[in-house]
Amino acid sequence: MTDSPSRPVALVTGAARRIGAAIASHLHACGYDVIVHYRRSAHDAERLVERLNADRPGSALAAAADLADPAGCEALVERAAAWRGGRLDALVNNASSFRRTPLGTIDDAAWHELVDGNLKAALFCSQAAAPWLRASGGAIVNLCDVHTERPLREFSVYSAAKAGIVALTRALALELAPAVRVNAVSPGSLDWPEEGIFTDAERAATEAAIPLARLGNGRDIAQAVEFLLRGNRYVTGHVLAVDGGASLVSR
Ligand SMILES: NC(=O)c1ccc[n+]([C@@H]2O[C@H](COP(=O)([O-])OP(=O)(O)OC[C@H]3O[C@@H](n4cnc5c(N)ncnc54)[C@H](OP(=O)(O)O)[C@@H]3O)[C@@H](O)[C@H]2O)c1
């Protein structure tokens with residue numbers, strides 16, 4: 001049971017690790033009760049939820065779903081809303097898959113992994129959450145990528161999926177107004193992926209081109225998400241670049 005039934009409730013997808021975990025932790029510190037969604041990272045999700053519940057008993061819940069499947073999105077949102085008797089104030093569509101797809105190698109599986117894991121998941125989670133968010137006057141924040149404007153070489157499928165999220169953000173902002181605001185945070189280069197997707201030379205070139213002279217981190221992104229969720233209630237359909245100025249630099 002929660003110690004404060006009136007706290008706002010946030011569902012953060014892909015929140016077991018990395019940026020999603022930072023967003024969930026930050027929103028929790030700001031007073032939200034949080035649903036930490038995960039797909040495979042059950043151990044990390046449970047550890048994060050234990051830590052958050054140690055700070056404030058009953059304030060965090062881990063919930064698994066494969067969001068490439070619309071039924072998974074619907075079941076996750078139903079579970080999240082049911083947790084606090086139908087209350088849901090915030091949806092953060094953070095879950096993502098990311099990998100290189102050079103032209104000539106792209107197959108149907110790559111398309112589905114990247115488009116479904118990014119764009120389709122955000123659409124179906126938003127659709128499922130809309131009735132609950134309308135009732136609470138809540139908000140959605142989608143995670144995009146500044147590289148939709150300046151695509152990364154050999155990441156065409158990921159770039160197209162993230163560009164779709166920009167369009168989705170604007171379309172849903174219009175459709176869900178005035179009850180629900182829909183915005184996006186568009187990170188630049190953050191803590192590097194663990195899988196070694198980029199070469200050392202690519203990393204060095206990227207880092208050297210950031211005007212604010214460092215990679216972004218989870219806190220930078222989480223603060224922007226919080227601002228769009230509750231710091232300002234007259235912004236909708238906006239895509240906020242959080243990239244240290246990287247998108248200003250010509251290449
Ligand atoms: N990191 C960067 O430099 C960077 C730059 C620009 C934009 N972004 C965006 O910022 C957000 C956070 O980045 P990140 O690097 O922390 O993300 P990430 O580690 O690539 O992915 C976050 C989580 O998404 C989940 N996920 C992937 N496919 C899924 C599916 N089909 N169903 C359910 N969950 C799925 C995974 O959960 P499990 O581990 O539980 O399977 C994964 O841990 C993403 O939207 C990303 O595109 C990141």
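This passage describes a predicted model of a protein with a bound ligand, from the ligand's surroundings to the nonpolar cores and selected residues.

The surroundings of the ligand are considered first. The shell around the ligand consists of 26 residues, of which Arg18, Arg39, Ser41, Leu67 and Asn94 come nearest. By character, the residues of this shell divide into 11 nonpolar, seven polar and eight charged. Three elements, helix 1 (18-29), strand 2 (33-38) and helix 5 (156-176), each supply at least two residues of the shell. Oxygen atoms of the ligand lie at short listed distances from three residues that follow one another in sequence, as set out here for arginine 39, arginine 40 and serine 41. For arginine 39, a backbone N or O atom lies 2.8 Å from an oxygen atom of the ligand. For arginine 40, the corresponding distance, again from a backbone N or O atom to an oxygen atom of the ligand, is 2.9 Å. In serine 41, by contrast, an N or O atom of the side chain is involved, at 2.6 Å from an oxygen atom of the ligand. On its own the ligand has 900 Å² of accessible area, and the protein covers 90% of it.

Arginine 18, one of the residues that come nearest to the ligand, lies in helix 1. Its phi is near 50°, a positive value in a residue other than glycine. Arginine 18 counts as partly exposed because its relative accessibility is 38%, a value between the limits of 20% and 50%. A positive phi also occurs at glutamate 154, where the angle is near 75°. Glutamate 154 is placed in the loop between strand 5 and helix 5, and is partly exposed, with a relative accessible area of 36%. Most residues other than glycine have a negative phi, and most peptide bonds are trans. With regard to peptide bonds, the one from alanine 177 to proline 178 is cis, with omega near 5°. Proline 178 is found in the loop between helix 5 and strand 6.

The interior of the model contains nonpolar cores. In soluble globular proteins, nonpolar side chains tend to be buried together. The largest nonpolar core has 33 residues, and Ile23, Leu27, Val36, Val185, Ile221, Val225 and Leu229 touch the most other members. At least two residues of this core are supplied by each of strand 1 (9-12), helix 1, strand 2, helix 2 (42-55), strand 3 (60-64), strand 4 (90-93), strand 5 (139-143) and helix 7 (218-231). Helix 7 gives the most, with six residues. Apart from this core lies another, of 32 residues, among them Ala65, Ala128, Ala130 and Ile165.

The contacts of individual residues illustrate this packing. Beyond residues up to four places away in sequence, valine 36 touches Val12, Ala15, Ala16, Ala24, Ala45, Leu48, Val49, Leu52, Leu61, Ala62 and Ala63. One of these contacts, leucine 52, is found in helix 2. Leucine 52 is classed as buried because its relative accessible area is 1%, where buried means under 20%. Leaving aside neighbours within four places in sequence, leucine 52 is in contact with Ser25, His28, Val34, Val36, Ser59 and Ala60. The C-alpha atoms of leucine 52 and alanine 24 are 9.3 Å apart, and the two residues are separated by 28 residues in sequence.

Helix 7 also holds glutamine 223, which is partly exposed, with a relative accessible area of 35%. Between the C-alpha atoms of glutamine 223 and proline 70 the distance is 29 Å, and these residues are 153 residues apart along the chain.

Two loop residues, histidine 147 and serine 189, are in contact with each other. Histidine 147 lies in the loop between strand 5 and helix 5 and is buried, with a relative accessible area of 12%. The side chain of histidine 147 makes a polar contact of 2.8 Å with the side chain of aspartate 145. Apart from neighbours within four places in sequence, histidine 147 is in contact with Leu152, Ser159 and Ser189. Serine 189 is found in the loop between strand 6 (181-187) and helix 6 (200-208), and is buried at 14% relative accessible area. With residues up to four places away in sequence not counted, serine 189 touches His147, Thr206, Leu215 and Gly216.

Conventions: Residues numbered from 1 in each chain as written. Predicted model: local features only at pLDDT ≥ 70, side-chain atom pairs only at ≥ 80, totals over all residues. Heavy atoms only, no water. Near = heavy atom within 4 Å. Polar contact = N/O pair within 3.5 Å; in protein donor to acceptor, adjacent residues only side chain to side chain. Areas by Shrake-Rupley, 256 points an atom, 1.4 Å probe, with all protein chains shown as cover. Helix = DSSP H or I, 4+ residues; strand = E, 2+ residues; numbered from the N terminus. Nonpolar A, V, L, I, M, F, W, Y, C, P; charged D, E, K, R; others polar. Core = buried A, V, L, I, M, F, W, Y, C linked by side-chain atoms within 4.5 Å. Buried < 20%, exposed > 50% of the residue type's maximum accessible area, 1.4 Å probe, protein only. Contact = heavy atoms within 4.5 Å.
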